[in-house]
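Colleague: Pick one part of this model, please, and walk me through it slowly. I'd like to see how it hangs together.

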Amino acid sequence: PLRLELVEATELSRASVGARRTPFSLLFRGPRQPVLPQKIYPLEHDRLGRLEIFLVPLGPEGEGMRYEAVFT
């Protein structure tokens, strides 16, 4: 298991994707190594349970690696 921390949630413009619901992105920070490749990962949360989320590595930041998930 690899621990990720949710560090930012950003509402995206509906017009940019033509969505009926509000799209958003989530930024996570994890350890610098290992770097996870872009793919769907099962994430577990104490209250939300297990979620399958497509994560994209964005690159290192400080002592950790950043990942993004976009929901449209």
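Modeller: Helices (H or I, at least four residues) and strands (E, at least two) are DSSP runs, numbered from the N terminus. With that in hand, Gln 33 is easy to place: look in the loop between β2 and β3. This is a predicted model, so to speak of local features we need pLDDT of at least 70, and of side-chain atom pairs 80 or more, while totals for chains, interfaces and linings use all residues. Residues are numbered from 1 along each chain as its sequence is written, and side-chain values use heavy atoms, leaving out hydrogens and water.

Let's take the sheet as our part. The chain has 1 helix and 5 strands, and along the sequence they come as β-α-β-β-β-β. In space the order is another matter: the 5 strands form an open sheet arranged β1-β2-β5-β4-β3, with antiparallel pairing. β1 (5–11) and β3 (39–45) sit at the edges with a single partner strand each, so one side of each has no neighbour in the sheet. On average, neighbouring strands here are turned by 40 degrees against each other, direction ignored (axes are lines fitted to C-alpha atoms, and angles run from 0 to 180 degrees between N-to-C directions).

Now walk across it, starting at β1. Two strands pair if DSSP finds at least two bridges between them, and β1 is joined to β2 by 6 bridges, running antiparallel. On that border, Glu 8 stands opposite Leu 27 of β2. Step over β2 (residues 24–31) and you meet β5 (residues 64–71), joined to β2 by 8 bridges, again antiparallel. Here Phe 28 faces Tyr 67 in β5. At the far end, β3 and β4 (residues 49–61) pair antiparallel over 7 bridges, and Leu 43 lies across from Leu 51 in β4.

Is a residue in this sheet buried or exposed? Try Ser 25, which lies in β2. Ser 25 counts as buried because its relative accessibility is 5% (buried means under 20%, exposed over 50%, partly exposed in between, with a 1.4 Å probe and protein chains only). Leaving aside neighbours within four places in sequence, Ser 25 is in contact (heavy atoms within 4.5 Å) with Glu 8, Ala 9, Thr 10, Leu 12, Glu 68, Ala 69 and Val 70.

Glu 44, over in the edge strand β3, gives the opposite answer: at 68% relative accessibility, it counts as exposed. Not counting residues up to four places away in sequence, Glu 44 touches Gly 49 and Arg 50. Glu 44 and Arg 3 are 41 residues apart along the chain, yet their C-alpha atoms are separated by 9.7 Å.

Back to Gln 33 in its loop. Gln 33 is exposed too, because its relative accessible area is 61%. Gln 33 and Arg 21 are 12 residues apart in sequence and 35 Å apart in space, C-alpha to C-alpha.

Finally, zoom out to the chain. Its C-alpha atoms fill a box of roughly 35 × 25 × 20 Å along the principal axes. Of its 72 residues, 22% count as buried, and Ser 25 is one of the buried residues. Among contacts between residues at least 6 apart in sequence, 41% join residues at least 24 apart.
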